[in-house]
Amino acid sequence: MVYREVFTSNKGMYLTALSNMDTDKDIADITVYDTEKFSIINTLKKVPYGIGGTRCAISDDGKYLVGCSYRKRKGMVLYNLQTSKKLWTNKDYTKIQTLQFSNDNQYIIVSTEWGECYFISVETGEEIKYISGRKVFENNYGEDIIIERKEVKIGETRIEAMASCLTAIAFASIVLISD
């Protein structure tokens with residue numbers, strides 16, 4: 001088995017390893033490991049996944065896995081890792097760069113190519129909060145530089161979102177800070 005990409009949960013208790021990627025169909029098989037017991041929890045087949053971002057996340061309690069494609073056709077899909085069942089699919093967002101669970105596992109934080117940040121309820125798959133606030137500055141060379149920095153608190157989780165874009169190169173990061 002060849003794993004193409006590997007991601008961990010926020011606290012590193014669980015690891016996802018992606019294999020059998022089909023970039024034309026935006027899918028991959030994802031094996032989830034418990035890093036303390038060095039054991040496989042589950043393997044999910046044909047999960048929506050688009051290469052080039054962090055488009056797969058596992059909750060810190062090991063109950064949920066979310067995957068998404070870059071393109072809209074597959075959307076985000078949340079799975080129950082114990083039953084392998086799809087809990088919901090949300091096709092409202094495109095060009096997703098990063099997925100991450102909040103520290104309390106209540107929200108999936110979604111960052112897009114355009115610097116937008118969405119908070120999606122794990123329970124319902126519905127949008128709870130949206131952060132934008134994009135500002136555009138022009139540099140001496142006439143190229144647009146887009147910078148965004150927002151902070152929001154939901155429950156006990158404080159989230160700082162920062163995105164910037166210089167010409168065609170985009171960078172996005174999300175930092176989760178528990179108080």
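**A four-stranded sheet and two residues outside it**

Student: This is a predicted model. In what order do the four strands of the open sheet run?

Tutor: The sheet is open and built from four strands. Their pairing is antiparallel. The order is β5-β6-β7-β8.

Student: Which are the edge strands?

Tutor: An edge strand here pairs on one side only. That holds for two strands, residues 56–58 and residues 86–90. They are β5 and β8.

Student: How much does the sheet twist from one strand to the next?

Tutor: The figure is an average, taken from one strand to the next. It comes to 15°.

Student: How many bridges join β6 and β7?

Tutor: β6 covers residues 64–68, and β7 covers residues 76–80. They pair in the antiparallel sense. One of the bridges links L65 to Y79 of β7. The number of bridges is five.

Student: And how many join β5 and β6?

Tutor: This pairing is antiparallel too. β5 and β6 form a hairpin, with five residues between them. The bridge count is three.

Student: Which residue in that hairpin turn has a positive phi?

Tutor: Look in the turn between β5 and β6. The phi there is about 75°. The residue is G62.

Student: V66 has a bridge partner in β7. Which residue is it?

Tutor: V66 sits in β6 and is the bridge partner of A57. Its partner in β7 is another residue. That residue is L78.

Student: How many of the residues in β6 are buried?

Tutor: β6 has five residues. The strand is mostly covered. The buried count is four.

Student: Turn to T112. Is it buried or exposed?

Tutor: T112 lies in strand β10, residues 107–112. Its relative accessibility is 2%. Buried means under 20%, so T112 counts as buried.

Student: Which residues does T112 contact, leaving aside neighbours within four places in sequence?

Tutor: Start with T94, K95, I96 and Q97, which are among its contacts. The list also includes one further residue. That residue is Y118.

Student: Now K25. Is it buried, exposed or partly exposed?

Tutor: K25 is in the loop between β2 (14–22) and β3 (27–34). Its relative accessible area is 48%. Buried is under 20% and exposed is over 50%, so K25 is partly exposed.

Student: What distance separates the C-alpha atoms of K25 and Y49?

Tutor: Along the chain, K25 and Y49 are 24 residues apart. In space, the separation of their C-alpha atoms is 8.8 Å.

Methods: Residues numbered from 1 in each chain as written. Predicted model: local features only at pLDDT ≥ 70, side-chain atom pairs only at ≥ 80, totals over all residues. Heavy atoms only, no water. Buried < 20%, exposed > 50% of the residue type's maximum accessible area, 1.4 Å probe, protein only. Contact = heavy atoms within 4.5 Å. Pairing = 2+ DSSP bridges. Axes fitted to C-alpha atoms, helices over the stretch in contact; angles between N-to-C directions.
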